[in-house]
Amino acid sequence: MPDNAPRPADARLTTELDTALRRLEAAPDRRDNAHRMVALAASVAATGGLLFGYDTGIIASALIYITHSFALDSTGQQGIAAALNLGAVFGAIMSGPLSDRLGRRPSVMVAALVFTLASLGCALAPSQTMLILARFVLGWAIGATTQIVPVYVAELAPAERRGGLVSLFQLVFSLGLLVAFAVGYALAGPPECWRLMFGLGVIPALFLALGMVFLPESPRWLLEQGRAAQAVQVLYRLRGHHEPIRRELDALRQAQDQASDTPGWSALRTSWLRPALIAAIGLAALSQLSGPNVIVYYAPIILSEAGLGHSAALLTSVGVGVTSTITTFMGIMLIDRVGRRRMLLTMLPFAALALFALGTLFDSTASLEGMRLVCVVLALLAYIFFNFGSLSVAVWLVASEVFPLIIRSKAMGLASATVWLSDTLVSLFTLTLVHDLGRSGTFWLFGAINALAFFFVLRWVPETKNTTLEEIENSLRNGTFHP
């Protein structure tokens with residue numbers, strides 16, 4: 001057989017695709033409806049980000065009261081905070097093969113149901129050990145969601161809208177943080193108020209599970225499974241006309257013809273994939289090591305220990321939630337216009353400067369009051385604005401874009417696991433760093449990491465706006481994937 005001849009399975013698939021496309025040629029133009037369908041699917045799936053944000057943020061408010069309920073020291077505090085992160089590492093890695101086997105949509109539903117049960121387990125936990133176990137299971141569900149949802153939305157979205165639609169996940173994460181901080185502030189007071197804080201996480205989990213019932217499967221996953229007719233029908237719901245569908249399928253078939261025969265995780269060792277791995281894994285690690293969850297997890301404790309009252313510290317966290325939501329919304333509006341790389345390079349230097357300012361302001365034994373307190377809060381909010389508007393918006397998007405279909409789900413799991421491993425390091429050692437380096441030294445350290453992130457992006461992260469997933473794959477194969 002000639003080298004360029006289609007394999008038997010490819011010939012059958014090509015025939016099915018051509019037949020399905022011919023049937024669509026007489027179908028009405030429904031592009032307006034299709035645009036709404038894509039937005040709806042992305043919005044419902046992004047509810048996974050709300051789960052992620054709520055349980056990431058609620059621990060900042062709940063930890064003050066859990067500490068009293070179970071008489072925790074700093075090690076116990078860090079253990080409860082880190083249990084979710086450790087579970088998320090396992091969830092991110094395990095969910096890649098799961099979503100390849102079951103499909104993207106059913107896998108999100110499984111994660112949502114696990115999240116529901118684990119949220120109830122956290123709310124009812126009778127001891128520190130049971131709470132850690134429940135948060136570990138909760139982390140598994142969140143890790144799975146952070147792997148599957150960006151891939152699912154990226155595979156549904158057209159290239160020109162992919163950045164904003166995938167970044168909805170981060171926006172809803174920020175909304176989840178805001179809701180968590182508002183709930184924490186509103187419920188604060190009774191010693192056992194943390195139980196209701198955790199229990200309310202059931203609501204978005206059930207919404208996600210039920211909402212996914214009405215959404216389509218990823219057309220790229222369907223095509224990979226040889227279900228050509230279904231893939232074409234789903235694409236018609238998402239594109240509304242046969243012409244863009246034909247162009248997209250031609251690119252997909254070309255990518256499949258070039259696909260490596262290296263199976264599973266082994267494909268990640270191929271040299272042509274290395275630039276994508278460096279870009280995605282590097283951004284994943286730096287998105288957490290740069291310190292956003294230092295603010296999310298520990299700002300109330302750090303501020304209260306510096307002299308600010310518990311209530312005022314929790315109210316500052318509400319401001320953090322509002323700021324992160326605003327800046328993430330701004331990022332979504334701009335990321336398809338400005339580009340991923342340009343946004344990162346513009347905003348990261350200011351994130352570093354804000355942390356250096358915090359380090360300088362905390363370089364004193366004086367209590368937080370007057371203008372010094374105002375400057376601390378402003379610098380803290382400025383850091384959230386510039387970090388969340390750059391790394392936090394781009395990390396899930398870039399990771400969902402740069403890998404080819406043959407390994408996308410597993411590679412996205414690896415990137416997601418890297419996020420959670422890095423976040424685990426931050427949650428485990430932040431209070432220790434504050435003890436050893438002081439608040440000032442800790443903020444200076446994270447400022448330096450933000451500066452390092454700028455140089456990493458400059459060297460390793462190319463621009464991917466207005467580029468199809470298949471065009472990105474081709475750039476990897478021909479060696480043009482570089483800044």
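Analyst: Two residues are in contact when heavy atoms lie within 4.5 Å. This model is predicted. With that cut-off, we can start at Arg104.

User: What does Arg104 touch, leaving out residues up to four places away in sequence?

Analyst: The list includes Ser99, Ile148, Tyr152, Glu155, Glu217, Trp221, Leu405 and Ser409. Arg104 itself is found in helix 5, residues 104-124.

User: Is Arg104 called buried or exposed, and why?

Analyst: Buried means under 20% relative accessible area. Arg104 has 2%, so Arg104 counts as buried.

User: What makes the pairing of the Arg104 and Glu155 side chains a polar contact?

Analyst: A polar contact needs a pair of N or O atoms within 3.5 Å, one able to donate a hydrogen and the other to accept it. The Arg104 and Glu155 side chains make such a contact at 3.0 Å, so the distance fits the cut-off. Arg104 also makes a polar contact with the side chain of Asp100, again at 3.0 Å.

User: Why is the pair Arg162 and Glu401 called a salt bridge?

Analyst: The cut-off is 4 Å, from a side-chain nitrogen of Lys or Arg to a carboxyl oxygen of Asp or Glu. Here N to O is 3.0 Å, so the pair qualifies. The pair links distant parts of the chain: Arg162 is in helix 7 and Glu401 in helix 17, 239 residues apart. The structure holds 13 salt bridges.

User: Are Arg162 and Glu401 buried or exposed?

Analyst: Arg162 has a relative accessible area of 1%, so Arg162 is under the 20% cut-off and buried. Glu401 is at 0%, so Glu401 is buried too.

User: What about Arg195 and Glu192: how far apart are N and O in their salt bridge?

Analyst: Their side chains meet at 2.6 Å, N to O. That is within 4 Å, so the name fits.

User: Why is Arg195 given its exposure class?

Analyst: Arg195 has 22%, and partly exposed lies between 20% and 50%, so Arg195 is partly exposed. Glu192, at 39%, is therefore partly exposed as well.

User: Where do Arg477 and Glu473 lie?

Analyst: Both lie in helix 19, four residues apart, about one turn of the helix. In an α-helix, residues three or four places apart point the same way, because there are 3.6 residues a turn. Arg477 and Glu473 form a salt bridge, with the closest N and O atoms 3.0 Å apart. Glu473 is at 4%, so Glu473 is buried. Arg477 is at 25%, so Arg477 is partly exposed.

User: How do you know that the span of helix 7 agrees with its 26 residues?

Analyst: The expected span is 1.5 Å times one less than the number of residues. For helix 7 that gives 38 Å, and its end C-alpha atoms are 38 Å apart, which agrees. There is still a kink of about 35 degrees, centred on Leu168.

User: What makes helix 7 "mostly covered"?

Analyst: Of its 26 residues, 19 are buried. Just after helix 7, Gly189 takes a positive phi of about 140 degrees.

User: Is Thr145 in helix 6 buried or exposed?

Analyst: Thr145 has a relative accessible area of 3%, under 20%, so Thr145 is buried. Beyond its neighbours within four places, Thr145 is in contact with Gly48, Ala111, Pro150 and Phe169.

Notes:
Residues are numbered from 1 along each chain as its sequence is written. This is a predicted model: local features need pLDDT of at least 70, side-chain atom pairs count only at pLDDT 80 or more; totals for chains, interfaces and linings use all residues. Side-chain values use heavy atoms; hydrogens and water are left out. Helices (H or I, at least four residues) and strands (E, at least two) are DSSP runs, numbered from the N terminus. Buried means under 20% relative accessible area, exposed over 50%, partly exposed in between (1.4 Å probe, protein chains only). The bend at a residue is the angle between axes fitted to the seven residues ending there and the seven starting there.
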